[in-house]
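Here are my notes on this model, written as a colleague would jot them down. Have the structure open while you read, and find each residue as it comes up.

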Amino acid sequence: METISSIAKRLNVTNGRIYQIIKEIPADKQPKKDAKGKYNFTKESVEAIESYYNSLSSPKTDNENDLVKQLRAELEDAKAEIKAKNNQIDKFQQLLDQQQRLNLSTNRQNEKLLDATTNNTPSQDDRPLQNDDTDVLKPTEGNYKVKETKTPKKGLFGWLRR
């Protein structure tokens, strides 16, 4: 004698799902209820429940397998794309670092040239820049003639007023 619970355990579903399946199978294969309202399962009704459940679950399993395969493929594509983007970010970071180094070098060269052409004594802030190893040619006597017509430095931004 089969019960709802034993059929549910064998099919690995809930008791409520078995009740739903009983309502879905044809009336001639449904189990009969006794006087107390409990189902009396015959071999034919149990087979009908199992075949109905198997017909529902088989295509679903195939669809789930296809879906899992598709999701895994998309995940691999996304990982490859992320890796490529990370490589691009690394290259852009290197280029940005290089650009910053070039700008710093150019600024130091410009400051050296300004100090050399104005013949001003370097301030305390300029002293470390004189030890910088940049590719600036030091002016020599006779290769340039500059007349000092600029106003002396006044305050922090005096060099802007020249």
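1. Let's start with the whole chain. Of the 162 residues in the protein chain, 14% are buried. Keep in mind that this is a predicted model, so read every value below as computed from a prediction.

2. Next, the layout. Four helices and two strands make up the list of elements in the protein chain. Reading from the N terminus, you'll meet them in the order α-α-β-β-α-α. Three of the helices come up below: α1 covers residues 4-11, α2 covers residues 15-24, and α3 spans residues 43-118. Strand β2 is residues 39-40.

3. Now look at A8, which sits in helix α1. Is A8 buried or exposed? A8 is buried, because its relative accessible area is 2% and the cut-off for buried is under 20%. Try finding I18 from there: A8 and I18 are ten residues apart in sequence, yet their C-alpha atoms are 6.4 Å apart in space.

4. Move along to N12, in the loop between α1 and α2. This residue is worth a second look: N12 isn't a glycine, but its phi is positive, at about 60 degrees. For background, most residues other than glycine have a negative phi. As for its surroundings, N12 is exposed, with 69% relative accessible area; the label applies because exposed means over 50%.

5. A little further on is N15, which belongs to helix α2. N15 is partly exposed, at 34% relative accessible area. Its distance to T3 is a handy one to check on screen: the two are twelve residues apart in sequence and 9.8 Å apart in space, going C-alpha to C-alpha.

6. On to the charged side chains. How many salt bridges does a search of the whole structure find? The search turns up two. In one, the side chains of E2 and R10 meet, with 3.2 Å from N to O. In the other, R10 meets E50, with 2.9 Å from N to O. R10 lies in helix α1 while E50 lies in helix α3, so this pair ties together parts that are 40 residues apart in sequence.

7. Did you spot that R10 turns up in both bridges? Salt bridges with shared partners join E2, R10 and E50 into one network. How accessible are these three? E2 is partly exposed at 24% relative accessibility, R10 is partly exposed with a relative accessible area of 44%, and E50 is partly exposed with 21%. I'd click through them in that order and compare the numbers with what you see on screen.

8. Now for the rings. The structure holds two aromatic pairs. One is Y19 with Y39, a tilted pair with 6.1 Å centre to centre and 50 degrees between the planes. Y19 is in helix α2 and Y39 is in strand β2, so the pair ties together parts that are 20 residues apart in sequence. Y19 counts as partly exposed, at 39% relative accessibility.

9. The other ring pair is Y39 with F41, also tilted, with 6.0 Å centre to centre and 40 degrees between the planes. Put the ring pairs together and Y19, Y39 and F41 become linked into a cluster. Is F41 buried or exposed? F41 is buried, because its relative accessible area is 9% and buried means under 20%.

10. Last stop: the surface. Which residues gather in a patch of negative charge there? They are E74, E76, D77 and E81. To find the patch, follow helix α3, residues 43-118, until you reach E74. E74 is partly exposed, with a relative accessible area of 42%.

Note on methods:
Residues numbered from 1 in each chain as written. Predicted model: local features only at pLDDT ≥ 70, side-chain atom pairs only at ≥ 80, totals over all residues. Heavy atoms only, no water. Patch = residues over 30% accessible without salt bridge, like charges linked within 9 Å, V, L, I, M, F, W, Y side chains within 5 Å. Areas by Shrake-Rupley, 256 points an atom, 1.4 Å probe, with all protein chains shown as cover. Salt bridge = Lys/Arg side-chain N within 4 Å of Asp/Glu carboxyl O. Lys, Arg positive; Asp, Glu negative; His and termini not counted. Charge placed at Lys NZ, Arg CZ, Asp CG, Glu CD. Buried < 20%, exposed > 50% of the residue type's maximum accessible area, 1.4 Å probe, protein only. Phe/Tyr/Trp six-rings, centres within 6.5 Å; stacked < 30°, edge-to-face > 60°.
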